[in-house]
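Visitor: I would like to learn how to read the features of a two-part chain. Where should we begin?

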Amino acid sequence: MLPALTSKPAEEIAPGVNWIGAFDPDLRSFDLILKTANGTTYNAYAVQGAEGVAIIDTVKEEFSGQFFDRLEQVTSYDAIRAVVLNHLELDHAGALPELMRRAPHAHIYVSQRGLKLLQATLKDELAHYHYTLTDDGDSLDLGGRVLQFVMTPYLHWPETMCSFLLPDRILFSCDVFGAHFCDPRLYNDLVGDFRFSFEYYFRHIMRPFKKWVLQAMDKIEPLAPVMIAPSHGPILRTRPMDYVKSYRLLSGSHLPNEVEGKEKSLLIFYLSAYGATADMARSVYEGASAIEGVRVSLYDLQGGEVEPFVDLIEGADGMMFGSPTINGDAVKPIWDLLASLIAIDTRGKVGAAFGSYGWSGEAVPMIEDRMRGLKMRVPEKGKRIKFHPTEQELEECRSYGQAIAELLSGKARPKVIDFAEL
Ligand code: FEO
């Protein structure tokens, strides 16, 4: 029989190391971007050393009751010597203000980049507490047990870190290796099948930071943890290194990219109501394809799903979007694709937009604004054509595609800026 969620006692996951987190089985959407069909947990931990207790992370504020009940089952507030904050997003730091009121003598450990967030969380109360800013190699000796701090920036906030307990070799990884999965059996070898949640969590939380994930795995692999205790979902006590390997795999490409070496990849997406933008897209494609060293692909979004295109864009160097203007806007499938790019790193990729219009032609500048918002480079002014393009206008589209491809290939002609257009 499954243990009841709120009445489940603190769980000793290793001698003197207790899970004191909280269950949130009814959550169905996290941070507005993730679906959570199985709810989630906010895992926090209490580590007992000969010279006191360290509390590692807290929980979302509205679940403080569960957290303090479990904390009081395993220690007293007087015995808390340290509060370690691996990450200051409010699902982990929500109960911090109250914890510090109850244990004001406890010393806070937070990464250097976490200081501003700590100030924002505790406000004026911070002046009453002591804190230490941590960096790689710093540690906290609890007496017979040491917590080593491992900086893992951008997993998934700039300030995030992990804490590694020695000699037990338990990694408290906060969001890293987390999953939104709520199961009172707690351990990966006992809970239901959470593989979907683990990968889904990675794709929505860690995926934009793959470069940083790989750097973090370089630090974590040599530690060879025997248990990974994240702050969401199952505690990974069986084959923890499989999950480290999984992060490496998820940070790589699933299929070999056929566009290799010095060749650049340019993707052209379009939709067309009356065939005009489609004709423009084909001409842009012809122009771009004439440039050596650039592999160009053309996709009609009417025949595609968003998710696989996001995968393609992640590996591409440049992308162009063609949309007619309808009701003063770009069409919905274009926005669906552009909105989904939040899940990947698009910084520095080249972007361009084109489209046919009837009255005002807002779609192209709106797409350009969105691409700039995604930190992409938009080096050429978008190409807009009123109604159906003439042969001369199609030639202009070829030149436009050629210009973008030349820029990608590094053969771009010197640009003449028309100040009247600025
Ligand atoms: Fe689970 Fe980034 O908070």
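**Reading the domain interface**

Guide: Contacts come first: 4 residues of domain 1 touch 7 residues of domain 2. Keep in mind that this is a predicted model.

Visitor: Which residues belong to domain 1 and which to domain 2?

Guide: The domain assignment places 11–250 in domain 1 and 264–408 in domain 2. Taken over C-alpha atoms, the centres of the two domains are 42 Å apart.

Visitor: How much area do domain 1 and domain 2 bury between them?

Guide: The size of an interface is often expressed as the accessible area lost when the parts come together. Here domain 1 and domain 2 bury about 490 Å² between them, with 40% of it on carbon and sulfur atoms. On the side of domain 1, the most area is lost by R203, R207 and P208, which together account for 81% of what that side buries.

Visitor: How many salt bridges cross the interface of domain 1 and domain 2?

Guide: Side chains of opposite charge can pair when their charged atoms come close. The rule finds 3 salt bridges across the interface of domain 1 and domain 2. It also finds 3 residue pairs in polar contact across that interface. By class, the side of domain 1 that touches domain 2 has 3 charged residues, 1 nonpolar and no polar.

Visitor: How many salt bridges does a search of the whole structure find?

Guide: That search gives 27 salt bridges. Among them is the pair K210 and E314, whose closest N and O atoms lie 3.0 Å apart. R398 and E286 form another salt bridge, with 2.8 Å between the closest N and O atoms.

Visitor: Are the partners R185 and D183 buried or exposed?

Guide: The two side chains meet in a salt bridge at 2.8 Å, N to O. R185 is partly exposed, at 34% relative accessibility, whereas D183 is buried at 8%. For E11 and K8, the salt bridge has an N to O distance of 3.1 Å. E11 counts as partly exposed at 22% relative accessibility, and K8 as buried at 9%.

Visitor: How many disulfides does the rule count?

Guide: A disulfide is a covalent bond between the sulfur atoms of two cysteines. The count here is 0 disulfides.

Visitor: Why does C182 have no such bond?

Guide: The closest cysteine sulfur to that of C182 is in C174, and because the distance is 17 Å, it is too far for a bond. C182 itself is buried, with a relative accessible area of 10%. C397 is also buried, at 0% relative accessibility.

Note on methods
Residues numbered from 1 in each chain as written. Predicted model: local features only at pLDDT ≥ 70, side-chain atom pairs only at ≥ 80, totals over all residues. Heavy atoms only, no water. Domains from an automatic or database assignment. Contact = heavy atoms within 4.5 Å. Buried area = accessible area lost by both parts, 1.4 Å probe. Salt bridge = Lys/Arg side-chain N within 4 Å of Asp/Glu carboxyl O. Polar contact = N/O pair within 3.5 Å; in protein donor to acceptor, adjacent residues only side chain to side chain. Nonpolar A, V, L, I, M, F, W, Y, C, P; charged D, E, K, R; others polar. Disulfide = S-S within 2.5 Å. Buried < 20%, exposed > 50% of the residue type's maximum accessible area, 1.4 Å probe, protein only.
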